[in-house]
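Here is a quick walk through one protein model, going from a single residue out to the whole fold. Have the structure open and follow along.

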Amino acid sequence: GKTTLLRVVSGTAKPSTGAVSVFGIVPDERSTDFRKLVATQLSVPPLASDLTLIEHLMLVGVSWGLNAAAATTRGEEMLRRFGVEYIARHYPQEISSGERQVFSLAMALCRPSKLLILDEPERHLDTGRITTLTEVLKQYMHDGGAILVASHSAQLVTELGCPVLELQRPDATQLATQ
């Protein structure tokens, strides 16, 4: 249910019943107005094997209106905040799963948005990087952004200190009565 909820809120899936509104807009990943407001990291995005990681980040920044120099600087700063600036000139196939996770978070964070939707952003991260992720997300919120996070990490949830909605899978008895 949690990933489905994130997909509905991000506009990549339609609700089976009811309605969803984000900033007064029905979520639709094809809507330019909606995409300007919402950044997501629901999985590691497909990456071009012939572009370096900083080139990927520059491409994201340029596609959201930054010039190439500003987009590169923003991408480098995001990698530096996560302590992985050394991967900037690497290609996707040259990095570990933890570095890939941090990189995909950097891709979501280096573009402008008002809502950041993350599905298990702590996946493949050690305790130190989860602390860094928490600091980055707190700064995002301090700067006026909202976050919606699905997480299994007690550390991340506790350190963020945000309201928590716990989703539980109904047991077989509940399913039989519905």
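Start at L105, which sits in helix α5. This is a predicted model, so keep that in mind as you look around. Is L105 buried or exposed? Its relative accessible area is 0% and buried means under 20%, so L105 counts as buried. And what does L105 touch, once its neighbours within four places in sequence are set aside? The contacts are Q41, F82, L118, P121, L125 and L133. For a sense of distance, take K36: this residue and L105 are 69 residues apart along the chain, and their C-alpha atoms are separated by 17 Å.

One of those contacts, L133, leads us to the next stop, helix α6. L133 is among the buried residues of α6, along with R129, I130, T132, L133's neighbour T134, V136, L137 and Y140. What do the buried residues of α6 pack against? There are helices on the list, namely α4 (68–81), α5 (97–109) and α7 (154–160), and also the strands β2 (115–119) and β3 (146–150). The helix itself covers residues 127–142. Its length checks out too: 16 residues at 1.5 Å a residue should span 22 Å, and the end C-alpha atoms are 22 Å apart, so the two agree.

Now for the loops on either side of α6. Between β2 and α6 you'll find E120, and H124 is in the loop between β2 and α6 as well. Both deserve a look at their backbone. Most residues other than glycine have a negative phi. E120, though, has a phi near 50°, a positive value in a residue other than glycine. H124 is not a glycine either, and its phi is positive at about 70°. Where they part ways is accessibility: E120 is buried, with a relative accessible area of 18%, whereas H124 counts as exposed at 52%.

Moving to the loop between α6 and β3, we meet G144. At 61% relative accessibility, G144 is exposed. Along the chain, G144 and K114 are 30 residues apart, but their C-alpha atoms are separated by 7.2 Å.

Here are the accessibility values for the residues visited so far.

| Residue | Relative accessible area | Class |
|---|---|---|
| L105 | 0% | buried |
| E120 | 18% | buried |
| H124 | 52% | exposed |
| G144 | 61% | exposed |

Time to zoom out. How many helices and strands does the protein have? The count is 8 helices and 3 strands. In sequence order they run α-α-β-α-α-α-β-α-β-α-α. The radius of gyration is 17 Å, close to the 16 Å that the globule rule gives for 178 residues, so the protein is as compact as a globular protein of that length. Along the principal axes, the C-alpha atoms fill a box of roughly 55 × 35 × 35 Å.

As for the inside, 39% of the 178 residues count as buried. Look at contacts between residues at least 6 apart in sequence, and 64% of them join residues at least 24 apart.

On the outside, the protein exposes about 10100 Å², with carbon and sulfur atoms supplying 53% of that area. Finally, the charges: there are 17 positive and 19 negative side chains, and the centres of the two sets lie 6 Å apart.

Terms used. Residues are numbered from 1 along each chain as its sequence is written. This is a predicted model: local features need pLDDT of at least 70, side-chain atom pairs count only at pLDDT 80 or more; totals for chains, interfaces and linings use all residues. Side-chain values use heavy atoms; hydrogens and water are left out. Helices (H or I, at least four residues) and strands (E, at least two) are DSSP runs, numbered from the N terminus. The radius of gyration is taken over C-alpha atoms; the globule rule is 2.2 Å times the number of residues to the power 0.38. Buried means under 20% relative accessible area, exposed over 50%, partly exposed in between (1.4 Å probe, protein chains only). Contact means heavy atoms within 4.5 Å. Accessible areas come from the Shrake-Rupley method with a 1.4 Å probe; for residues, only the protein chains shown count as cover. Lys and Arg count as positive and Asp and Glu as negative; His and the chain ends are not counted. The place of a charge is taken as NZ of Lys, CZ of Arg, CG of Asp or CD of Glu. The expected span of a helix is 1.5 Å times one less than its number of residues.
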